[in-house]
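Work through the exercises below with the model open beside you. Try each task before reading its solution.

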Amino acid sequence: MADVVVVGSGFFGLTVAEQLASRYGVKVMLIDRRPHIGGNAYSEPEPETGIEVHTYGTHLFHTSNERVWEYVNRFTAFTNYVHRVYTTHQGEVFPMPINLGTINQFFRSAYGPEAARALIKEQAAELGGKEPANLDEQGVNLIGRPLYEAFIKGYTQKQWQTDPKDLPASVISRLPVRYTYDNRYFNDTYEGLPVDGYAAWLTRMADHKNIEVRLDTDFFDASQPFSKAAVVGQVPVIYTGAVDRYFDYSEGDLSWRTIDFEQEVLPVGDFQGTSVMNYADPDIPYTRILEFRHLHPERDYPKDKTVVVKEYSRFATRDDEPYYPVNTAADRERLATYRDLMTGEKDVFFGGRLGTYQYLDMHMAIGSALSMVDNKLAPMFGAEGSR
Ligand code: FAD
Ligand code: UDP
């Protein structure tokens, strides 16, 4: 038997496994129910074109956390890719996130920063200075009603199929609003894509003599030797699957969104001229179209073919892959009861996007895994290098 079992080989599970194995000499059994490691960050070349496709949607790496940046650079170099997103609204393309370019194009104006700020302030005044209590109010507060209704409301309804009044304000707080022409999608200090792809990066993290990986292995399949029934109580378990599934949904289902990815190879060298085009209007059924070649302009991809993926968002059933925690008030109540149950599970450590029911980016999953190793796991295994 290994010293610990890590359930799920996404960035959270991989970081825990790598750190325990390399710093503390811990023997790790890393299981995943999918046929590949890496969780949602996984990518592979599309066979006909060789274009690297991010299997679970475009993954952009960005962080301002020095420790995370130093850590990830041990496994991969990064390109100088900078993410920019555009959105189509009523047949016209605008830059996202909302910036002075978006504002002036939308209002057919030539405002400077101060005049634009004054306009948005006036349009946002309908809230009367009240603290925004949900996504709808946060949207109006940030950009005023006309821009909110054009670029956020319809997209959000498609993405979440939940009334924006029932969604937490935090969902869009991560989208910056800028009174300059800077249309970078992220504000972080560091940004880039792994030079030789995500799969190579993820594989290097798992490549250690103390880590054994078992794929196609479900923690809840009692017939396999590292199942919940076989290991909990025997060795420490780091669990990064869905928290409600762990407790057999005893406190009710937490709501999740899943995405259907519709992939096509098109006989053109360039379909949309950019990596991500959002579709803001509710009458277009998909939320965005991804074109993967644009993530790596430095690569020698075929000039007569391209790979595009349309994303359709819907509620996840228990049989779907859960991607986005919806996080309504009812979900938060259920989560609190699951948290009580978690504290009763001795030597089971819940982490990652699914295990904590949180909207974590890659750098956040890695950062919280590093902290879990330092604060909770390392104390069980003696001094660094002692084993
Ligand atoms: P995951 O990657 O979900 O890994 C969990 C693993 O656990 C999976 O491999 C799963 O198969 C396994 N598992 C679950 N249940 C079981 C079980 N019962 N038995 C065995 N194994 C199990 N982040 C960014 O930083 N930038 C982005 O641009 C970005 N874009 C995203 C786009 C989409 C569509 C999605 C869904 C996420 C995006 N993310 C992005 C977030 C990123 O994917 C996560 O931060 C990261 O994957 C979190 O890692 P994790 O280990 O917590 O979870
Ligand atoms: N959003 C929007 N319009 C856009 C882009 C984003 O309304 O064109 C809102 C939407 O609610 C979305 C949230 O902002 O869920 C976060 O967007 P982001 O692109 O960060 O989401 P992700 O890449 O995680 O799907």
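The exercises cover two sheets, helix packing, two ligand shells and some backbone details.

Residues are numbered from 1 along each chain as its sequence is written, and chains are lettered from A and ligands numbered from 1 in the order in which they are written. The model is predicted: local features need pLDDT of at least 70, side-chain atom pairs count only at pLDDT 80 or more, and totals for chains, interfaces and linings use all residues.

**Exercise 1. The five-stranded sheet**

Find the strand order of the open sheet of five strands, and identify its edges.

Step 1. Helices (H or I, at least four residues) and strands (E, at least two) are DSSP runs, numbered from the N terminus. Two strands pair if DSSP finds at least two bridges between them.

Step 2. The order is 9-2-1-10-16, and the pairing is parallel.

Step 3. Strand 9 (211–214) and strand 16 (348–350) are the edges, each pairing on one side only. On average, neighbouring strands in this sheet are turned by 20° against each other, direction ignored.

**Exercise 2. Strand 1 and its partners**

Are the two faces of strand 1 covered or open? Then trace the strand's partners.

Step 1. A residue is buried if 20 or more other C-beta atoms lie within 10 Å of its own, exposed if 12 or fewer, and partly exposed in between; C-beta atoms are placed from the backbone.

Step 2. Strand 1 (residues 4–7) is covered on both faces. V4 and V6 are buried on one side, V5 and V7 on the other.

Step 3. The chain crosses from strand 1 through helix 1 to strand 2, a right-handed β-α-β crossover. Right-handed means that, with the strands pointing away from the viewer, the path from the first strand over the helix to the second runs clockwise.

Step 4. Strand 2 (residues 28–31) runs parallel to strand 1, joined by four bridges. Here V6 faces L30.

Step 5. Strand 10 (residues 237–239) is also parallel to strand 1, with three bridges. V5 stands opposite V237, and V7 opposite Y239.

**Exercise 3. The seven-stranded sheet**

Which strands stand at the edges of the mixed sheet, and which helix packs on the sheet?

Step 1. This open sheet has seven strands in the order 7-6-12-13-14-11-15, with mixed pairing.

Step 2. Strand 7 (92–96) and strand 15 (324–325) each have a single partner strand, so one side of each lacks a neighbour in the sheet.

Step 3. Strand 6 (residues 85–89) and strand 7 are antiparallel, with five bridges. T88 has V93 of strand 7 as its bridge partner.

Step 4. Helix 6 packs on the sheet, touching strand 6, strand 11 (256–266), strand 12 (276–279) and strand 14 (306–315). The direction of helix 6 makes about 95° with that of strand 6. Axes are lines fitted to C-alpha atoms, for helices over the stretch in contact, and angles run from 0 to 180 degrees between N-to-C directions.

**Exercise 4. Helix 1 against helix 8**

Give the packing geometry of helix 1 and helix 8, and list the contact residues.

Step 1. The two helices, helix 1 and helix 8 (residues 198–206), pack at about 35°, with axes 8 Å apart.

Step 2. Residues are in contact if their C-beta atoms, placed from the backbone, lie within 7 Å. Helix 1 contributes L14, A17 and E18; helix 8 contributes L202, M205 and A206.

Step 3. Ala, Val, Leu, Ile, Met, Phe, Trp, Tyr, Cys and Pro count as nonpolar, Asp, Glu, Lys and Arg as charged, and the others, Gly among them, as polar. The contact has five nonpolar, no polar and one charged residues.

**Exercise 5. The ligand shells**

How many residues surround each ligand, and which elements supply them?

Step 1. A residue is near a molecule if its C-beta atom, placed from the backbone, lies within 6 Å of it.

Step 2. Ligand 1 has 35 residues around it, with G8, G10, G39, G241 and G352 closest. Helix 1 (11–24), helix 12 (352–356) and helix 13 (362–377) each supply at least two. The classes are 16 nonpolar, 13 polar and six charged.

Step 3. Ligand 2 has 13 residues around it; I152, Y155, T156, Q159 and N278 come nearest. Helix 6 (145–160) and helix 7 (170–173) give two or more residues. Helix 6 has the largest share, five residues.

**Exercise 6. Backbone details**

Where is the cis peptide bond, and where does phi of Q161 turn positive?

Step 1. The bond from M96 to P97 is cis, with omega near -10°. P97 lies in the loop between strand 7 and helix 3 (100–106).

Step 2. Q161 has phi near 40°. Q161 sits in the loop between helix 6 and helix 7, and is exposed, with 12 other C-beta atoms within 10 Å.

Terms used: Two residues are in contact if their C-beta atoms, placed from the backbone, lie within 7 Å.
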